[in-house]
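Please open the model in your viewer and keep a selection panel at hand. The stops below go from a single side chain outwards to the whole chain and then to a surface loop.

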Amino acid sequence: MATLSEIEALLGEPRFNWSDTAAWVDMEREFGIEFPADFREIVNAYGSIQINGQLYLEHPAGHLLHNLGETIRGDLEMWREEDMAEFLPGPVGANPGELMPVASATTGEWVFLRVPDESSSPWRVLIQELDSPAWTLHEMTFGEWLLAYLRGEDVTVCSRSFAPDRPFYEPLS
């Protein structure tokens with residue numbers, strides 16, 4: 001599994017470093033799901049950011065303008081609409097096998113975490129390309145997927161043209 005230190009080595013030192021679990025507890029209670037530890041660790045370290053001017057990650061802290069819980073609420077509603085649901089291999093939500101939208105990209109991709117069928121199974125990342133009915137399931141954790149993205153590997157959302165020198169991030173204001 002990718003570690004936060006590997007991500008920091010490529011992306012730079014995080015400046016958010018959130019430690020209060022209340023925002024996560026409230027959001028997870030609302031959606032009936034406990035997000036994977038690597039996702040929480042990364043988001044707690046960096047907060048609500050845009051990576052490479054392309055990929056949006058958000059934190060659930062209520063005081064933030066770009067709030068993960070609010071974004072998920074809206075995204076779930078959108079992806080449950082009949083004309084949008086056909087773009088995914090299964091339903092969105094928090095039940096086993098369902099897809100939880102957690103990030104998006106300026107280039108039209110949506111990042112979903114696939115809820116494991118069993119609690120002992122790993123979470124997986126699914127990318128949906130909004131400009132087509134195409135989607136790709138990546139057999140990796142969110143941390144592994146993000147690390148591959150930062151390295152410029154083809155993980156459906158490609159960063160090479162957005163960060164030709166090295167990955168970078170900026171806080172969302």
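Leaving aside its neighbours within four places in sequence, which residues is leucine 146 in contact with? Select leucine 146 in this predicted model, and then display the partners that answer the question, namely Ile7, Ile42, Ile51, Leu55 and Leu57.

**The core around this residue**

Keep that selection and extend it to the largest nonpolar core, which has 50 residues. Leu146 is among the residues with the most contacts inside this core, together with Phe35, Ile51, Phe142 and Trp145. The element that gives the most to the core is helix H6, residues 142-150, with 7 residues.

**Helix H6**

Now select H6 alone and colour its residues by relative accessibility. Those that are buried are Phe142, Gly143, Trp145, Leu146, Leu147, Ala148, Tyr149 and Leu150. Because 8 of the 9 residues of H6 are buried, the helix is largely enclosed by the rest of the structure. Move on to glycine 152, just after H6, and check its backbone torsions, where phi is positive, at about 85 degrees.

**The whole chain**

Clear the selection and show the protein chain as a cartoon, in which 6 helices and 7 strands can be traced. Followed from the N terminus on, the elements run α-α-α-β-β-α-α-β-β-β-β-α-β. Taken along the principal axes, the box filled by the C-alpha atoms is roughly 40 × 35 × 35 Å. The radius of gyration of the protein chain is 15 Å, which agrees with the value near 16 Å that a compact globule of 173 residues would have. Buried residues make up 51% of the 173 residues, and, of the contacts with a separation of 6 or more, 54% are between residues 24 or more positions apart.

**The surface**

Switch to a surface representation, for which the protein chain exposes about 8,300 Å², with carbon and sulfur atoms supplying 49% of that area. If you then mark the charges, you will find 10 positive and 30 negative ones, whose mean positions are 5 Å apart.

**A last stop in a loop**

Is serine 119 buried or exposed? Select serine 119 in the loop between strand E4 (109-114) and strand E5 (124-129); its relative accessibility is 83%, so serine 119 counts as exposed. Finally, draw a distance from the C-alpha atom of serine 119 to that of alanine 9, which lies 110 residues away along the chain, and the separation is 31 Å.

Note on methods:
Residues are numbered from 1 along each chain as its sequence is written. This is a predicted model: local features need pLDDT of at least 70, side-chain atom pairs count only at pLDDT 80 or more; totals for chains, interfaces and linings use all residues. Side-chain values use heavy atoms; hydrogens and water are left out. A nonpolar core is a set of buried Ala, Val, Leu, Ile, Met, Phe, Trp, Tyr and Cys residues joined through side-chain atoms within 4.5 Å. Buried means under 20% relative accessible area, exposed over 50%, partly exposed in between (1.4 Å probe, protein chains only). Helices (H or I, at least four residues) and strands (E, at least two) are DSSP runs, numbered from the N terminus. Contact means heavy atoms within 4.5 Å. The radius of gyration is taken over C-alpha atoms; the globule rule is 2.2 Å times the number of residues to the power 0.38. Accessible areas come from the Shrake-Rupley method with a 1.4 Å probe; for residues, only the protein chains shown count as cover. Lys and Arg count as positive and Asp and Glu as negative; His and the chain ends are not counted. The place of a charge is taken as NZ of Lys, CZ of Arg, CG of Asp or CD of Glu.
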